[in-house]
Amino acid sequence: TTVGYAILNFNGDLIHVNSSKKLSLDKLIEETISFGKPLIVGSDITDPPKFVRKYATDTKAILVKPNLPSNFENKKKVTSEFLKGRDLKLKDKHQIAALYAALIAYKNFKTLFLKIDRILKKQNKQYLSSKIKVKVLSDKTPISDSIKIIENTI
């Protein structure tokens, strides 16, 4: 079995994409956490495979799946549009599906990320952006409470 994965940051920038044959769950977790704590896991299909569900559970990440099924041509179109102007070619259908899933996950939380950044900008605390986003997603703590908690730890 070939496993594909794509990692985006809080700005929706592609950090890493890969696919590999016989990538065990433990090995996948090891590879992905080297980029940071997984907070959101996207699936490219409406009924995520057991492997994806287990990854999300084991990493304590939020699982996001598409509302409607999408064919491979649409996934290819969406990922191609995202990659336009970038010097990167996806190697296989697994990387395409992985990037598509990551983009769905990002889109699901983009409004929240922008709201956090707006609030922090008003308070002149943009430097807390990543920490607040992690706190809100990991602990499901409201933004204002997260700001107070993070400020008290620095």
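Here are a few notes on the two biggest pockets in this predicted model.

1. Start with the largest pocket, which holds about 1,000 Å³ of space. Its lining runs to 37 residues, and the ones nearest the centre are Y5, A6, I40, V41 and G42. If you want somewhere to point the viewer, those five names will take you there.

2. Where does the lining of the largest pocket come from? At least two residues each are supplied by β1 (2-8), α1 (25-33), β3 (40-42), α2 (50-59) and α4 (93-122), so you have both strands and helices to look at, by the DSSP assignment. The largest share is from α4, with 8 residues.

3. On chemistry, the lining of the largest pocket counts 26 nonpolar residues, alongside 9 polar and 2 charged ones. Bear in mind that Gly goes in with the polar class here, and that G42 is one of the residues nearest the centre.

4. Next, the second largest pocket, with about 420 Å³ of space. It is lined by 15 residues, and Y100, L103, I104, K107 and N108 are the closest to its centre.

5. Which helices feed the second largest pocket? Both α3 (72-83) and α4 give at least two residues to its lining. Again α4 has the largest share, this time with 7 residues, just as α4 does in the largest pocket.

6. As for the make-up of that second lining, the split is 8 nonpolar, 4 polar and 3 charged residues. K107, close to the centre, belongs to the charged class, since Lys is counted there.

Conventions
Residues numbered from 1 in each chain as written. Predicted model: local features only at pLDDT ≥ 70, side-chain atom pairs only at ≥ 80, totals over all residues. Heavy atoms only, no water. 1 Å grid on protein atoms, 1.4 Å probe; cavity = no way out; pocket = protein on both sides within 12 Å on 5 of 7 lines; lining within 4 Å. Points joined across faces, edges and corners; volume = space filled by probe spheres on them. Helix = DSSP H or I, 4+ residues; strand = E, 2+ residues; numbered from the N terminus.
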